Amino acid sequence: MHYIDGFVVPVPTANRETYRKFSEAAAVVFKEHGALSLVECWGDDVPEGKLTSFPMAVRLEKDETVVFSWITWPSRKVRDEGMKAAMADPRLQNQGEMPFDGKRMIFGGFEMIVSA
């Protein structure tokens with residue numbers, strides 16, 4: 001089964017188009033380094049929870065939107081090698097300032113166990 005890198009990030013709502021362009025450019029780099037796909041989803045119905053929620057997890061501010069994204073890789077091995085290569089790729093290094101607060105990004109690698 002495939003391997004997934006998942007992300008939840010707060011993005012200033014005014015940066016939607018900048019973030020979209022940033023992600024499209026990053027997708028090219030990740031795919032060249034072995035990723036099968038990169039998906040970015042702009043929050044549309046993301047309620048605040050009482051105990052936990054996406055907004056609470058990223059300390060969402062009033063002028064921000066939650067983005068949920070993932071990168072699909074063929075395997076953990078390809079991901080480890082591809083992620084390292086992508087992070088060192090000058091195209092990712094030279095994109096300028098990130099259009100979001102990376103300190104509040106949540107991320108992790110996941111072994112897929114069901115795909116239906």
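This report describes two pockets in a predicted model.

## The largest pocket

The largest pocket has a volume of about 450 Å³. Its lining counts 19 residues. Phe22, Phe30, Met87, Met98 and Phe100 are the closest to the centre.

Several elements each give two or more residues to this lining. The helices are helix 1 (16-32), helix 3 (76-88) and helix 4 (90-93). The strands are strand 1 (3-12), strand 2 (37-42) and strand 3 (64-73). Helix 1 gives the most, with five residues.

## Character of its lining

By class, 15 residues in the lining of the largest pocket are nonpolar. Three are polar, and one is charged.

## The second largest pocket

The second largest pocket holds about 160 Å³ of space. Arg16, Tyr19, Arg20, Ser23 and Glu24 are among the residues that line this pocket. Leu38, Glu40, Cys41, Trp42 and Val67 also belong to the lining.

Helix 1 and strand 2 are the elements that give two or more residues here. Helix 1 again gives the most to the lining, with five residues.

## Character of the second lining

The lining of the second largest pocket has five nonpolar residues and four charged ones. One residue in this lining is polar.

## Where the two pockets meet in the account

Helix 1 gives the most to the lining of the largest pocket. Helix 1 also gives the most to the lining of the second largest pocket. Strand 2 gives two or more residues to the lining of the largest pocket, and strand 2 does so for the second largest pocket as well.

How values were computed:
Residues numbered from 1 in each chain as written. Predicted model: local features only at pLDDT ≥ 70, side-chain atom pairs only at ≥ 80, totals over all residues. Heavy atoms only, no water. 1 Å grid on protein atoms, 1.4 Å probe; cavity = no way out; pocket = protein on both sides within 12 Å on 5 of 7 lines; lining within 4 Å. Points joined across faces, edges and corners; volume = space filled by probe spheres on them. Helix = DSSP H or I, 4+ residues; strand = E, 2+ residues; numbered from the N terminus. Nonpolar A, V, L, I, M, F, W, Y, C, P; charged D, E, K, R; others polar.
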